[in-house]
Amino acid sequence: MNTPTSSNNDNNGNNGISHEYNQNANQNSNKGSNNTNGSNRSRYSNSSSQSQNYSSQSQGPLIQDDDFISLADILDYVLFYRWHFIAVTVLAAVLSAAYALIATPNYTADALIQVENKKGGSMLGALDKISDPFSALGGKSPVIDEMEIIKSRTVLGEAIDKLKVNVNVNVDNRLPIIGNWLARVLEPEDKGLVDPPITWLSYAWGGEQLNIDLIHLPRNLYGEPLLLTIGQDRTWRLKVKDSDRELAQGRGSGELISNDEGRFQIQLDAFAANPGTVFEVTVFSIQSEVLRVLQSLTVTEAVRQSNLIDMTYESANPEFAAQMLNTISDVYLKQNLDRKSAEAEKTLAFLKRELPIFRKKLDKSEEDLTAFRSQTRTIDMTVELTELLKISSQLETQKIELDIKQREFAIRYDANHPVMKALKAQMT
């Protein structure tokens with residue numbers, strides 16, 4: 001009986017020891033696993049923090065608060081993208097400098113014209129002011145009508161025809177993009193032409209000129225670009241651009257060439273160009289060229305309610321701008337003077353035609369009055385003296401007016417002009 005009991009106790013004791021051992025082992029394994037997990041977590045956290053730092057560095061500085069941007073955040077962005085800002089600034093500066101050098105500049109010429117008041121110093125002018133009292137209070141300007149005359153087709157058309165502005169001539173075979181700039185900056189030689197810096201390139205480098213003295217085209221060729229090619233020994237050939245249709249060919253200048261039953265005529269003036277130079281010639285109608293000139297011409301009143309007209313003209317060629325404005329001014333003054341001369345001639349013709357008739361009527365009236373007085377044997381000294389004084393005053397006034405007119409017209413006309421001769425005849 002005692003033996004089994006002791007064996008059970010021993011077994012229980014052994015079981016207790018083994019149980020304690022298993023618990024200790026489990027605790028140690030748990031600790032080891034905890035340590036392993038802890039190390040793994042720490043490694044993961046380190047790697048994740050490194051990846052976050054790398055991504056933050058690659059994406060640039062981050063703004064912590066969306067509602068508030070501090071100066072430090074702005075400076076961080078500027079410093080981080082500094083090379084982008086520098087590259088964009090340098091590129092913009094280079095493009096601006098290139099455009100300033102390559103772009104064709106525009107020039108403006110100006111002129112000032114004084115318009116004479118037609119009736120300013122005469123009695124009719126005073127009557128006009130009395131009949132139109134609002135003119136002195138800022139009404140119609142005295143130069144409005146003259147400004148419209150300057151912009152009319154009559155004046156501009158004659159100026160365009162004189163300068164051949166409707167014939168547009170440009171060099172067609174310049175170097176692309178920078179050809180016009182090179183033509184402006186390269187120094188010409190003795191003949192006015194720039195020697196080609198690269199001989200194997202068939203480009204025009206500067207100094208080329210082509211003047212056309214006369215050209216007549218059929219209406220279907222107005223506005224169509226024509227190509228005039230300079231060959232060896234000053235030969236040339238004219239054809240329609242983008243076509244094989246040849247219009248004329250010749251040599252040198254001064255010869256009138258016509259074909260197509262006389263509907264096409266051309267006569268070249270002096271030209272200077274190297275062989276191989278191609279000119280683009282475009283002829284426009286006078287009506288369309290008037291509209292184009294009006295876009296570059298500005299006609300305004302220099303001072304409000306004055307007799308001064310201010311004119312400006314814009315062009316890429318400064319010499320042409322001044323020449324065009326001077327021609328418009330000369331044509332306007334010439335037409336204005338011709339118009340006044342025509343009015344004066346009509347007035348003189350009317351006086352020459354009507355004056356003898358009124359003189360006969362006056363003589364007949366005087367004869368009738370003398371006969372009546374002889375029959376009635378009456379005389380009124382007061383009336384006679386009044387009439388004589390009136391006639392004398394009228395003659396004196398007419399003499400003064402004729403003298404003033406003679407001085408005014410002496411500035412514009414010479415002594416042999418019909419107006420001057422008519423004034424002398426009236427004064428005598």
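# Close-up views

**Phenylalanine 320, a partly exposed residue.** At a relative accessibility of 21%, phenylalanine 320 counts as partly exposed, because the word buried is kept for residues under 20%. The model shown in this and every other view is a predicted one. Phenylalanine 320 will come back in two of the views below, once beside a pocket and once as half of a ring pair.

**The chain as a whole, as a setting for the close-ups.** The chain is built with eleven helices and eleven strands. Of its 428 residues, 23% are buried. If we consider the contacts in the chain with a separation of 6 or more, 64% of them join residues that are 24 or more positions apart.

**The second largest pocket and the elements that line it.** This pocket has a volume of about 1,800 Å³. Its lining is made up of 39 residues, and those closest to the centre of the pocket are Asn168, Val169, Asn170, Asn317 and Phe320. Four helices are named among the elements that each supply at least two lining residues, namely α6 (153–163), α7 (179–185), α8 (286–296) and α9 (318–376), while the strands that do so are β2 (167–171), β3 (209–216) and β11 (308–315). What kinds of residue make up the lining of the second largest pocket? The lining divides into 16 nonpolar residues, twelve polar ones and eleven charged ones.

**Aromatic rings that pair with one another.** Four aromatic pairs are counted in the model. In one of them, the ring centres of tyrosine 203 and tryptophan 205 lie 6.4 Å apart and the ring planes meet at 85°, so the pair is edge-to-face, a term that applies because the angle is over 60 degrees. Tyrosine 203 is partly exposed, at 31% relative accessibility, whereas tryptophan 205 is buried, with a relative accessible area of 6%. Tyrosine 313 and phenylalanine 320 also form an edge-to-face pair, since their ring centres are 6.2 Å apart and their planes stand at 70°. Here tyrosine 313 is buried, with a relative accessible area of 1%, and phenylalanine 320 is the partly exposed residue described at the start, at 21%. Elsewhere, Tyr77, Phe80 and Tyr81 are linked by ring pairs into a cluster.

**Charged ends that sit over rings.** Arginine 234 places its charged end over the ring of phenylalanine 271, at 4.2 Å from the ring centre. Lysine 361 likewise has its charged end over a ring, that of phenylalanine 358, with 5.6 Å to the centre of the ring.

**Leucine 163 and its contacts from another part of the sequence.** Leucine 163 belongs to helix α6, and with a relative accessible area of 21% it is partly exposed. Which residues does leucine 163 touch, if those up to four places away in sequence are not counted? They are Gln323, Met324 and Thr327. Although leucine 163 and glutamine 323 are 160 residues apart in sequence, their C-alpha atoms are 8.5 Å apart in space.

**Glutamine 209, a residue of strand β3.** Glutamine 209 is in contact with Phe271, Ala272 and Phe279, leaving aside its neighbours within four places in sequence. Phe271 is also the residue whose ring lies under the charged end of arginine 234. Between glutamine 209 and valine 169 the C-alpha distance is 8.8 Å, while their separation in sequence is 40 residues; Val169 is among the residues closest to the centre of the second largest pocket.

**Two loop residues with a positive phi.** Most residues other than glycine have a negative phi. Isoleucine 177 is not a glycine, yet its phi is positive, at about 70°. Isoleucine 177 is found in the loop between β2 and α7, and it counts as exposed because its relative accessibility is 73%, a value over the 50% that the term requires. Aspartate 233, likewise a residue other than glycine, has a positive phi near 60°. Aspartate 233 has its place in the loop between β4 (225–230) and β5 (235–240), and at 55% relative accessibility it too counts as exposed.

Definitions and conventions
Residues numbered from 1 in each chain as written. Predicted model: local features only at pLDDT ≥ 70, side-chain atom pairs only at ≥ 80, totals over all residues. Heavy atoms only, no water. 1 Å grid on protein atoms, 1.4 Å probe; cavity = no way out; pocket = protein on both sides within 12 Å on 5 of 7 lines; lining within 4 Å. Points joined across faces, edges and corners; volume = space filled by probe spheres on them. Nonpolar A, V, L, I, M, F, W, Y, C, P; charged D, E, K, R; others polar. Phe/Tyr/Trp six-rings, centres within 6.5 Å; stacked < 30°, edge-to-face > 60°. Buried < 20%, exposed > 50% of the residue type's maximum accessible area, 1.4 Å probe, protein only. Lys NZ or Arg CZ within 6 Å of the ring centre and 35° of its normal. Contact = heavy atoms within 4.5 Å.
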